[in-house]
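Visitor: I would like to go through this model with you, one topic at a time. May I begin?

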Amino acid sequence: MVENDGSARMVKTVAAFKDELNAIRTGRASAVLFDKIRVEYYGEKTPLAQVAQISVPEARMLVIQPFDKAIIGEIEKEIQKSELRLNPSNDGKVIRVAIPPLTADRRKELFKQAGKIAETSRIAVRNIRRDINEDMKKQQKDGKITGDELKNAETELQKVTDKFIHEINAILSDKEKEIMED
């Protein structure tokens, strides 16, 4: 029961980790790059994907076609302000964003950034394990579970924790390969 709660929380942690890694720009064009970009639309900060169609016509090019042409300047400004370091250009109808190849220094920077995000996620998984272990020890103290049940639950929880740490490491490894390829 307690392990199931921990497993569900760990699944959410890994999903959040994947989302954060998707926002890291690699040398390839991907609409996911713009997931965190919000534009002012009718007085609200709205996700870019809700106000425009984003397509990838070629490996290093993105095309953004706003549903309302009036916000084309706002979209361009938000892309320039983002930490993606991209320079969009518009022709009045669509915005084109060329994805330049990454420099060696930028690759190292992104590599470090991905590693930090992974470590934060690993710490979050371990914190979930710690919280659940504390809850189980409290249950034993209150007489709700026996010492053997506690020991078995801790062993199972450690296996679940190891599985999620391994998953985070595998996802990081894939992202690092993506960052390093040209």
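Visitor: Where does Tyr42 lie?
Guide: Tyr42 is in the loop between strand 1 and strand 2 (44–47). Helices (H or I, at least four residues) and strands (E, at least two) are DSSP runs, numbered from the N terminus.

Visitor: Is Tyr42 buried or exposed?
Guide: Tyr42 counts as exposed, at 72% relative accessibility. Buried means under 20% relative accessible area, exposed over 50%, and partly exposed in between (1.4 Å probe, protein chains only). Tyr42 also has a positive phi of about 55°, although it is not a glycine.

Visitor: What kind of model is this, and how are residues numbered?
Guide: This is a predicted model, in which local features need pLDDT of at least 70 and side-chain atom pairs count only at pLDDT 80 or more, while totals for chains, interfaces and linings use all residues. Residues are numbered from 1 along each chain as its sequence is written, and side-chain values use heavy atoms, with hydrogens and water left out.

Visitor: Turning to the interior, which residues touch the most other members of the largest nonpolar core?
Guide: Those are Met10, Phe17, Ile24 and Met136, in a core of 25 residues. A nonpolar core is a set of buried Ala, Val, Leu, Ile, Met, Phe, Trp, Tyr and Cys residues joined through side-chain atoms within 4.5 Å.

Visitor: Which elements give two or more residues to this core?
Guide: They are helix 1 (2–22), helix 4 (104–141) and helix 5 (147–180). Helix 5 gives the most, with 10 residues.

Visitor: What is Met10 in contact with?
Guide: Leaving aside neighbours within four places in sequence, Met10 is in contact with Val125, Ile128, Arg129, Leu157, Val160, Thr161 and Phe164. Contact means heavy atoms within 4.5 Å.

Visitor: What does a second, separate core include?
Guide: The second core has 19 residues, including Leu48, Ala52, Leu62 and Ile75.

Visitor: Back to helix 1: is Thr13 buried or exposed?
Guide: Thr13, which lies in helix 1, is buried, with a relative accessible area of 14%. Apart from neighbours within four places in sequence, Thr13 is in contact with Ser121, Ala124, Val125 and Ile128.

Visitor: And what does Ile171 contact?
Guide: Ile171 is found in helix 5 and counts as buried at 17% relative accessibility. Leaving aside neighbours within four places in sequence, Ile171 is in contact with Val14, Phe17, Lys18 and Leu21. Ile171 and Phe17 are 154 residues apart along the chain, and their C-alpha atoms are separated by 8.9 Å.

Visitor: At what angle do helix 4 and helix 5 pack?
Guide: They pack at an angle of about 170°, with their axes 10 Å apart. Axes are lines fitted to C-alpha atoms, for helices over the stretch in contact, and angles run from 0 to 180 degrees between N-to-C directions. The two helices are therefore roughly antiparallel to each other, a term for angles over 145 degrees.

Visitor: Which residue classes make up that contact?
Guide: The residues in the contact of helix 4 with helix 5 divide into 16 nonpolar, 8 polar and 7 charged. Ala, Val, Leu, Ile, Met, Phe, Trp, Tyr, Cys and Pro count as nonpolar, Asp, Glu, Lys and Arg as charged, and the others, Gly among them, as polar.

Visitor: How many salt bridges does the structure hold?
Guide: The structure holds 14 salt bridges. A salt bridge is a side-chain nitrogen of Lys or Arg within 4 Å of a carboxyl oxygen of Asp or Glu. Arg9, Arg130, Asp131 and Glu134 are linked in a network of salt bridges.

Visitor: How far apart are Lys77 and Glu74 in helix 3?
Guide: Lys77 and Glu74 are 3 residues apart in helix 3 (residues 72–81), so they are separated by about one helical turn. Their side chains meet in a salt bridge (3.4 Å, N to O). Lys77 counts as partly exposed at 41% relative accessibility, whereas Glu74 counts as buried at 19%.

Visitor: And which residue does Lys175 form a salt bridge with?
Guide: Lys175 pairs with Glu178, the closest N and O atoms being 3.6 Å apart. Both residues lie in helix 5, 3 residues apart, about one turn of the helix. Lys175 counts as buried at 6% relative accessibility, and Glu178 as partly exposed at 26%.

Conventions
Angles under 35 degrees count as roughly parallel, over 145 as roughly antiparallel, 65 to 115 as roughly perpendicular and the rest as oblique.
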